[in-house]
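Please look over the sequence and the structure shown here before reading on. The report below is meant to help you connect the two.

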Amino acid sequence: MTIKSTFVVDNAMRVLARFICVAVLSVASFIPCAQAQLRAGVAKAVITPDVHKNAVYLAGFGHNRVATGVHDDLYARCLALGAGMDTVALCSVDVIGLFYDDVLKIRRQVKAQAPEVSYLIVSCTHVHAGPDTLGLWGPTQLQTGINENYLDWLDSQIAATAVEAFRSMQPARMELSRDDHPLLGLLQSVGRPPFVKDPYLFLMRLTAAGSGEPIATLVNWSDHPETLGRKNTEITADYPHWLCQYVENQLGGTAVFVNGSIGKVSSLGSEVALQDPQTGEIAPDGTWRKAELIGTTIGQLVQRALASPEPANVDSIAIRKSVLFVPLQNDRFRIAGGAGVFAGRKPLYSNGALDRSSVEREVPGVGKIQFSTGQDLQTEAGYVQLRSRGRVVAEIAAIPGEIYPELTNGGITRYPGADFPDAAFEPTLRAHLKSKYQFILGLANDELGYLIPKAEWDDKPPWLLNKPERWYGEVNSPGPDVAGVVLRALVALIQQN
Ligand SMILES: [Zn+2]
């Protein structure tokens, strides 16, 4: 495993400009540095595929679930924040996930059109009723569900939306809020022990500095958008659709929802029970009404929390990222890659260099495939500080996958049956973050799969707590060591001066 740290802000001209700005401030502190004023811009674009042109394989649940219609449109929503010489653009996309390869491609397109964007984060809401952008839900287990034409178009739509958000930036005011209302946790069901959640709601509201006109509301909460379940074949953004609709109707501007620590956290199942005010009954599982009630309820909590926000006079942005190589220990992903399921994405690396070596292997029930033998996947951990006079007032942590909540919120637990019962605990992300407003973005810049604490890893019997069959999780994780690599890299980024 190799870690290479890269500071995005390495441009000499940018450093020089900042020095001049600071010098002006120190000589005459009453002369404001115009560039230190926070700027914000937002844009959104429809990314719904045409379900009548080609078969659209819906991502999530089983194979060969072909879309039959569109219930509500999918969107890419991008928020751009600028202060000083730095701009971060944050896009949230209503798809199941995007691999790092696509994010790098989107960044190249943004760089060509708006080189001033210092850092682009692309995170996915992880909807389970949108097109397959990872390849895993095609007609059969070893046929890709990716439509490359659509994915190319999607990548360029995301890039164009990020550029539009950047170009629409204007002087802005920021307000922050957070909430821990009990409903936030009650709407999350957790599928395996420990039954830890990360229920917090973090909010950032941007308004125009002069007119007070709403620009955007950034909403961060954690839950799988899969309320409609496997029987649904209509495209929908699930509860984020109603959440964004409610926030935009009530607060104006554009809502940008970013999902958080969603490993094993679901909106499915009767444990997530919401009473329908129209009928007085619990909204049945797997219904449009349940998705609507979840989205609207979170929207109401957003409105409630933003009734008493904290102003944040952000005057600088610190951007840090690490390009990481994480060990791929799950052979299921190698088989899928060898069969072409990822449509050429997820290449493997060894010792930090691209490694395309493979061996022919006979897979029972599949036949002969080229089994990639490289060691690692390349991915990225990202971290952004929003600062006011040097003090960190809010943070954004970009996690390249679906992280278990005990890794962000604390509560890793040792159980009988674990494969590595003595494994050291990974650092808890929230314990290392420095501010009150901690935006943790799941599926950001990559989708590695589940990030599981090593001490809870359970790929071999006996199963945790002597369950008769295996727990769900490891099958969709790159391996037991990946969470540690990602979290240690993030902590190193947080601790940099
Ligand atoms: Zn998932």
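The text that follows moves from the whole chain to the metal site and then to some details of the backbone.

**The whole protein**

The structure is a predicted model, and in this model the protein has 10 helices and 24 strands. Its radius of gyration is 22 Å, which agrees with the value near 23 Å that a compact globule of 497 residues would have. Along the principal axes, the C-alpha atoms fill a box of roughly 75 × 60 × 50 Å. Buried residues make up 59% of the 497 residues, and among contacts with a separation of 6 or more, 79% are between residues that stand 24 or more positions apart. The protein exposes about 19300 Å², of which carbon and sulfur atoms supply 52%. As for charge, there are 45 positive and 51 negative side chains, and the centres of these two sets lie 5 Å apart.

**The zinc site**

Which residues coordinate the zinc ion? They are H126 and H224, each through NE2, and E402 through OE, at 2.0 to 2.1 Å. The spacing of these donor residues in sequence is H-x97-H-x177-E. Because H126 lies in the loop between β6 (119-124) and α3 (148-167) while E402 belongs to strand β22 (residues 402-403), the pair ties together parts that are 276 residues apart in sequence. Both H126 and E402 are buried.

**Details of the backbone**

As a general background, most residues other than glycine have a negative phi, and most peptide bonds are trans. The table lists departures from this pattern.

| Place | Feature | Value |
|---|---|---|
| P193 and P194 | cis peptide bond, omega | about -5 degrees |
| P461 to P462 | cis peptide bond, omega | near 0 degrees |
| K346 | positive phi | about 60 degrees |
| N466 | positive phi | near 55 degrees |

P194 is found in the loop between β8 (189-190) and β9 (201-208), whereas P462 sits in the loop between β24 (450-451) and α10 (482-495). N466 is also placed in the loop between β24 and α10, and with a relative accessibility of 57% N466 counts as exposed. K346, in the loop between α7 (331-338) and β16, counts as buried because its relative accessibility is 13%, and buried means under 20%.

A further loop residue is G352, which lies between β16 (348-350) and β17 (353-354). At 35% relative accessibility, G352 counts as partly exposed. From C-alpha to C-alpha, G352 and D376 are 8.2 Å apart in space, and they are 24 residues apart in sequence.

Notes:
Residues are numbered from 1 along each chain as its sequence is written. This is a predicted model: local features need pLDDT of at least 70, side-chain atom pairs count only at pLDDT 80 or more; totals for chains, interfaces and linings use all residues. Side-chain values use heavy atoms; hydrogens and water are left out. Helices (H or I, at least four residues) and strands (E, at least two) are DSSP runs, numbered from the N terminus. The radius of gyration is taken over C-alpha atoms; the globule rule is 2.2 Å times the number of residues to the power 0.38. Buried means under 20% relative accessible area, exposed over 50%, partly exposed in between (1.4 Å probe, protein chains only). Contact means heavy atoms within 4.5 Å. Accessible areas come from the Shrake-Rupley method with a 1.4 Å probe; for residues, only the protein chains shown count as cover. Lys and Arg count as positive and Asp and Glu as negative; His and the chain ends are not counted. The place of a charge is taken as NZ of Lys, CZ of Arg, CG of Asp or CD of Glu. Donors are N, O and S atoms within 2.8 Å of the metal (3.2 Å for Na, K and Ca); water is not among the atoms, so sites may look incomplete.
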